[in-house]
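Let's take a walk through this structure together. Have the sequence and the 3D view ready, and follow along at your own pace.

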Amino acid sequence: MSAAGEHASALRGGGGTGGPGLLITFEGPEGSGKSTLIVSLTAHLRALGRDPVIVREPGGTAIGERIRAILLDPASVSMTAETELLLMVASRAQLVRETIRPALAAGRLVLCDRFADASVAYQGYGRELGPELVDRLNAVALDGLRPDLTLLCLLPPEQGLARIGGRAPDRLDAERLEFHQRVHAGYRALAAEAAWRFRVLDAAASPGQMLASALEQLRGLEHSLLTGL
Ligand code: TMP
């Protein structure tokens, strides 16, 4: 196997976290409703007396949130694609070590709003840096960690961009349609390559239907942290 292939397998091979906790990541293009889904899923879990750890990327730690502000600031117009990738990975390296790994070791359910796949889709495909480079850098941030399940909320890029039309765009939202089409294609490619952990949700469905579909996928994991959902 090539060096790039070995790195790729860090994210695309089988396994999951393998510890007592569970890492579930949420992915999707702009306007796919994944953040709304996380809010409703969290409310559902809390109503059942569960206490998930909720984090987001870029961000999720004090250092990561400062990196996020630089990344999303519309004033960061001169940022190169390589800088963008390295900052995304830097935020991830901090989040994995400061929050996710300790939470998993303590047996917690961790829900993460975007994770390593987003860098493959956005920087690898969207910015055309290539998935191999992103895989190699992701391997540094992840240190062997893999999501147990990735819920990918998908809808056509035109529809996603139309949905966010009302809000002030951040630096990445404001990219042209072709960029978002490449991101969409990148997510589809990832879902095909790592089918063991990806489940695609129809983001054109109502928020209630999306929650029901997500719960169905979580029940399918048959993990003790998810019994009785
Ligand atoms: P959000 O809209 O889900 O809060 O994500 C912030 C933006 O950052 C969104 O446009 C996707 C982008 N992003 C990347 O480009 N690469 C990454 O690795 C991550 C985590 C996010």
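How far does a polar side-chain atom of lysine 34 lie from an oxygen atom of the ligand? The distance is 2.8 Å, which fits the rule for a polar contact (a pair of N or O atoms within 3.5 Å; within protein, one must be able to donate a hydrogen and the other to accept it, and residues adjacent in sequence count only if both atoms are side-chain atoms). Before going on, please note that this is a predicted model, where local features need pLDDT of at least 70 and side-chain atom pairs pLDDT 80 or more, while totals for chains, interfaces and linings use all residues. Residues are numbered from 1 along each chain as its sequence is written, and side-chain values use heavy atoms, leaving out hydrogens and water.

Back to the ligand. Arginine 68 also places a polar side-chain atom 2.8 Å from a ligand oxygen, and glutamine 123 has one 2.8 Å from a ligand nitrogen. Taken alone, the ligand exposes 470 Å², and the protein buries 94% of that (areas by the Shrake-Rupley method with a 1.4 Å probe; for residues, only the protein chains shown count as cover).

Now find the cysteines. The sulfur of cysteine 112 is 13 Å from the closest cysteine sulfur, in cysteine 153, so the two are too far apart for a bond. A disulfide needs a pair of cysteine sulfur atoms within 2.5 Å, and the count here is 0. Cysteine 112 is buried, at 0% relative accessibility (buried means under 20% relative accessible area, exposed over 50%, partly exposed in between; 1.4 Å probe, protein chains only). Cysteine 153 is also buried, at 0%.
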